[in-house]
Amino acid sequence: MPLLRTPRPWLRRPQAGSAGESSAPVPAGQVATSLVGESTRLRPLRSSEIPILLSWMRDPQVGYYLGRLPFPIPWDVEARWLEESLADPRVQLFAIETREGRLIGNIGLHHLDPAAAQGELSIVIGEVDHWDRGYGSDAIRSLLRYAFESLNLERVHLRVYEFNQRAVRCYEKCGFQREGTTRAALYRDGRFYDEVSMAIQKRQFLAQEQSG
Ligand SMILES: CC(C)(COP(=O)(O)OP(=O)(O)OC[C@H]1O[C@@H](n2cnc3c(N)ncnc32)[C@H](O)[C@@H]1OP(=O)(O)O)[C@@H](O)C(=O)NCCC(=O)NCCS
């Protein structure tokens, strides 16, 4: 199968400002590229920015959708998870900036698997006043372009709680399709909520990019 013979660039990552491959390896866990969309720019996340990410996760309006409330995970556990993610070669984390340079969120690919050519997408627009203005979908499209054209993934998947209709709508706009449901995945306020699995394949994404 041709895909398996293709080099996997997360083992040999692109250099800053380039969407292509390079022979110089970048240290594990670091992303060395900048992805420019219509309204956002994705750039490598810095470990010095972890406190900002934590403050977003702690914001009740944001944390509600991440399943962390009403029982927030301890600060040091979250911080350690983010530190480990930044150092993990199977994870690529980006900061989301507006084109004017304001940091508004983060986006990433997790569980990157060379054999399976797939990864799991995560996204948080932490600045709530920036929701519903198209930044999330723009950042996702940039990340998908990178995932399929530079990392040569075959499939990107994600999980979202059923009550997060804003996120579901955003993912559908980007071409994700529902694949399944994990029932009673979250217990909150005396009831259980389902979690929806969604995914997009490379050929689907490229076709929708071509059709504009
Ligand atoms: C989910 C998130 C990434 C989306 O980013 P965003 O910039 O707000 O998304 P966009 O503006 O690109 O798209 C949102 C869409 O949802 C729609 N929407 C908003 N609230 C909605 C609701 N209650 N029901 C249905 N659609 C809704 C918006 O109108 C918009 O659709 P449109 O462009 O057709 O009008 C962002 O809101 C966020 O980070 N939320 C908190 C954390 C989170 O939920 N992360 C994802 C966990 S899986």
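**Group meeting: sheet, core and ligand shell**

Let me begin with the contacts, where residues 24 or more positions apart account for 56% of those in the protein that have a separation of 6 or more. Please keep in mind throughout that this is a predicted model. The protein has 212 residues, of which 30% are buried, and its secondary structure consists of 7 helices and 8 strands.

I will take the sheet to start with. The 8 strands form an open sheet with mixed pairing, and the order across it is β1-β2-β3-β4-β5-β6-β8-β7. At the edges stand β1, residues 35–36, and β7, residues 177–188, and because each has a single partner strand, one side of each is left without a neighbour in the sheet.

Walking in from the β1 edge, we find that β1 and β2, the latter covering residues 40–44, run antiparallel and are joined by 2 bridges, and that the two strands form a hairpin with 3 residues between them. Within that pairing, Val36 has Arg41 of β2 as its bridge partner. On the next step, β2 pairs with β3, residues 92–98, again in the antiparallel sense and over 5 bridges, with Arg41 standing opposite Glu97 of β3 and Thr40 having Thr98 of β3 as its bridge partner.

How buried is β3 itself? Of its 7 residues, 5 are buried, so the strand is largely enclosed by the rest of the structure. From there, 6 bridges join β3 to β4, residues 103–113, and these strands too run antiparallel; one of the pairs is Gln92 with Leu109 in β4. The hairpin of β3 and β4 has 4 residues between the strands, and in it Gly101 takes a positive phi near 95 degrees. Further along the sheet, β5 and β6, the latter spanning residues 155–161, run parallel and are joined by 3 bridges, with Glu120 opposite His157 in β6.

Now to the core. In soluble globular proteins, nonpolar side chains tend to be buried together. Here the largest nonpolar core has 44 residues, and those with the most contacts inside it are Leu42, Phe94, Ile96, Ala139, Leu143, Leu144 and Ala147. The largest share of this core, 8 residues, comes from α5.

Two of those residues are worth following in detail, and I start with Leu42, which sits in strand β2. Leu42 counts as buried because it has 26 C-beta neighbours inside 10 Å, where 20 or more would be enough. Leaving aside residues up to four places away in sequence, Leu42 touches Ser34, Leu35, Phe94, Ala95, Ile96, Ile107, Ala139, Ser142 and Leu143. Leu42 and Ile140 are 98 residues apart in sequence, yet their C-alpha atoms are 9.8 Å apart in space. The second residue is Ala139, whose contacts, with the same exclusion of residues up to four places away, are Gly37, Thr40, Leu42, Ile96, Ile107 and Ile123.

As for the helix α5, it is mostly covered, with 13 of its 16 residues buried. Its geometry can be checked as well: at 1.5 Å a residue, the 16 residues should span 22 Å, and the end C-alpha atoms are 22 Å apart, which agrees. Following α5 comes Asn152, whose phi is positive, near 60 degrees.

That brings me to the ligand. Which residues come nearest to it? Among the 20 residues around the ligand, they are Tyr65, Gly136, Ser137, Gln165 and Arg169. Two or more residues of the shell are given by each of α3 (60–66), β5 (118–125), α5 (135–150) and α6 (165–173), and the largest share, 5 residues, comes from α6. By class, the shell has 11 nonpolar, 5 polar and 4 charged residues.

If you take one element away from this talk, I would suggest α5, which gives the largest share of the core and is also among the elements that give two or more residues to the shell around the ligand.

How values were computed
Residues numbered from 1 in each chain as written. Predicted model: local features only at pLDDT ≥ 70, side-chain atom pairs only at ≥ 80, totals over all residues. Near = placed C-beta within 6 Å. Nonpolar A, V, L, I, M, F, W, Y, C, P; charged D, E, K, R; others polar. Pairing = 2+ DSSP bridges. Buried ≥ 20, exposed ≤ 12 C-beta atoms within 10 Å, placed from the backbone. Contact = placed C-beta atoms within 7 Å. Expected span 1.5 Å × (residues − 1). Core = buried A, V, L, I, M, F, W, Y, C linked by C-beta atoms within 7 Å.
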